Amino acid sequence: MEGFRLVDIDENHTIEKQIKRGFHKQNSFGSEAFREENKISLDLTYMFDSPGNGSITIKDVELLIPHVNKAHQMLRNNEGNIHDGGLPMTGWLDLPLKITEEHIRDLKAVTDELCGRIDAFVSLGIGGSYLGIEATFRALTHEYFNQLSREQRGGAPEIYFLGQNMDPDYFRDTLDMLEGKRVAINVISKSGTTTETAVAFRIMRKLIEESFGANARQMIFATTDKEKGALRKISDEMGYRSFEIPDDIGGRFSVLTDVGLVGLAMARIDIEEFLAGFRNMREITLVDDFWKNPSLIHAALRYAAWRAGKKIEVVATNASSLYSVARWMEQLFPESEGHEGQGMWVSPSFYSEKLHANGQMIQEGERNIIETFLMLNEHDNQIKVPGIKDDLDGLNFLDDRGLDMGFVNKRVIEGPAYAHYQGGVPNMTIEIPGRNAFNLGQIYYMMEKSVAISGYLMGHNPFVQPGVEAYKKAMFALIGKPGFNEQARKMESDLRQIKRIKI
Ligand code: PA5
């Protein structure tokens, strides 16, 4: 039997883009026309006056404008509750201007050199040391990237992620994908002590040392604090190529630092274009005019909704490529906002899939939900829906009218936006013109600024995460890490008081 053939199916344009990026390095992101074509817009049609209880009005938002403007001013002046370890954690605000061409050139030279020597690259990290890299990688590359040929990947090695969980099966399966290949890693940890990353690093380091002997050192990159922490020490002692995470930028705000740039350059993502997106949105969100500043609008809408009793934000997208960005937002917002009994739970959702699951709850469940849609306006590919003889499902009209799958996919947002609004769920749509690094940079910067403003509005510090530190310590105590004996004793005594229930 002959194999499956792609009759009447166009070339995959995501692959074409990867090849262009990787080998031809053309970019046009500097032009006015490009910026114009890649304007992110907010559609607030279904945000206000939704039926039922807990709706928000435009008046609610207008009343917030003076507070939002004040917060914006304080953020720019480095004022207020924004410190960690004595430092204002706002280094990300002007970072887009501080990254020099020289830095990008050096970074590309280092990653290009490694790229030529390896088959697979593994990024080790968790939270802010992982999600932004994976989100950007998945947003801009083929769904089955590692199964493509090297040529189709634009010359990039296979890309994997480890250190974001402690599941031995996941780890073991990943090792199968790496066996026999020339493997390099980038271990990323600002603190240098996160258990998941440290365990993954130990295992990978040992395997690399055993596989490559004297060359092992050249297969390991480390990205960490410039002075402090175990990873800095190991890296300096071993002579690994290392990258620095700035003191005044926390993990979830660090995708534009070397935390993100190294892995993205390895995947042949255009990091200059990525930077240009950050720069553009920085400029857009500098303005004081509230209704022209998407970060301020986004922050105010979410805050107004939260005050009106909306405790869950479903961040839904119709693009697999943007689902990972929704997952990045799932970290950025709750880790920054979840303080002192406050904050909105972010639930990333890929539609249509989730419409047949949490869609029921959104339409008719407890009215404590808002929805933020990440709508991809232009997919890389278009696929025709063919007409067929019997037309039993009644869909021949799509072919008759020349409507393709992408046309239907837009309605996967527009339909729920209307229906959920009628059901009492205010929603906004963030329209993202297309899949490119510029747009990713724009979205990240817009969201980072929005969550910073949210911190001022709620009255807490969005740049710390003591709750996450609490779990890290409890875990150290439970696994018996030296130095955590007191915590372990306290836990034992607490656990004696708690009635264990196992059925
Ligand atoms: O945003 C944050 O600060 C966290 O999510 C951290 O990135 C995460 O806990 C990983 O920490 P580290 O980079 O120190 O290993």
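These are my notebook entries on a predicted model, going from one helix to a pocket, two cavities and some single residues.

**Entry 1: helix α17**

I began with helix α17, which covers residues 437-458, and I wanted to know whether its length fits its number of residues. At 1.5 Å a residue, its 22 residues should span 32 Å, and I found its end C-alpha atoms 32 Å apart, which agrees. I then looked up how covered the helix is, and 22 of its 22 residues turned out to be buried, where buried stands for under 20% relative accessible area.

Next I went to the two ends of the helix. At the N-terminal end, Asn436 acts as a cap, with a side-chain oxygen 3.2 Å from the backbone nitrogen of Phe438. After the other end of α17 comes Gly459, and I noted that the phi of Gly459 is positive, near 90°.

**Entry 2: the second largest pocket**

My next stop was the second largest pocket, which holds about 1,400 Å³ of space. Its lining is made up of 50 residues, and those nearest its centre are Glu335, Gln465, Val468, Glu469 and Lys472. I looked up which elements give two or more residues to this lining, and they are β6 (183-189), α13 (320-337), β10 (345-350) and α18 (466-479). Which of the elements gives the largest share of the lining? I found that α18 does, with eight residues.

Sorted by class, the lining of this pocket has 20 polar, 17 nonpolar and 13 charged residues. I also asked where the second largest pocket lies with respect to domain 1 and domain 2. Domain 1 (15-78 + 277-458) and domain 2 (95-269) both give residues to the lining, so the pocket lies between them.

**Entry 3: two cavities**

I turned from the open pocket to the closed spaces. Rolling a probe the size of a water molecule over the atoms shows where empty space is left. For cavities of 30 Å³ or more, the count comes to two.

The largest cavity has a volume of about 40 Å³, and I wrote down its lining as Phe121, Ser123, Ile133, Phe137, Ile159, Phe161, Gly263, Leu264 and Ala267. Two or more of these residues come from each of β4 (120-124), α6 (131-140), β5 (158-162) and α10 (258-266). By class, I noted seven nonpolar residues, two polar ones and no charged ones in this lining.

The second largest cavity has a volume of about 30 Å³. Its lining consists of Gly128, Gly132, Ile133, Gly251, Arg252, Ser254, Val255, Val259 and Trp328. Here I recorded four nonpolar, four polar and one charged residues. Reading the two lists together, I saw that Ile133 appears in both linings.

**Entry 4: backbone angles I checked**

Most residues other than glycine have a negative phi, and most peptide bonds are trans. With that in mind I looked for exceptions. Asp8 is not a glycine, yet its phi is positive, about 60°. I placed Asp8 in the segment before α1 (13-24), and I noted that Asp8 is exposed, since its relative accessible area is 74% and the cut-off for exposed is over 50%.

Glu340 likewise has a positive phi, about 50°, although it is not a glycine. I found Glu340 in the loop between α13 and β10, and with a relative accessible area of 65% Glu340 is exposed.

For the peptide bonds, I asked whether the one from Tyr351 to Ser352 is cis or trans. It is cis, with omega near 10°, and Ser352 sits in the loop between β10 and α14 (359-364).

**Entry 5: two more residues**

I finished with two residues, one in a helix and one in a strand. Leu178 belongs to helix α7 (residues 168-178), and with a relative accessible area of 5% Leu178 is buried. I also compared Leu178 with Tyr160, which is 18 residues apart from it in sequence, and their C-alpha atoms are 9.1 Å apart in space.

Asp43 is in strand β1 (residues 41-43). With a relative accessible area of 29%, Asp43 counts as partly exposed, as this value falls between the 20% and 50% cut-offs. Last, I looked up how far Asp43 is from Gly309, which lies 266 residues away along the chain, and found 22 Å between their C-alpha atoms.

How values were computed:
Residues numbered from 1 in each chain as written. Predicted model: local features only at pLDDT ≥ 70, side-chain atom pairs only at ≥ 80, totals over all residues. Heavy atoms only, no water. Helix = DSSP H or I, 4+ residues; strand = E, 2+ residues; numbered from the N terminus. Expected span 1.5 Å × (residues − 1). Buried < 20%, exposed > 50% of the residue type's maximum accessible area, 1.4 Å probe, protein only. Polar contact = N/O pair within 3.5 Å; in protein donor to acceptor, adjacent residues only side chain to side chain. 1 Å grid on protein atoms, 1.4 Å probe; cavity = no way out; pocket = protein on both sides within 12 Å on 5 of 7 lines; lining within 4 Å. Points joined across faces, edges and corners; volume = space filled by probe spheres on them. Nonpolar A, V, L, I, M, F, W, Y, C, P; charged D, E, K, R; others polar. Domains from an automatic or database assignment.
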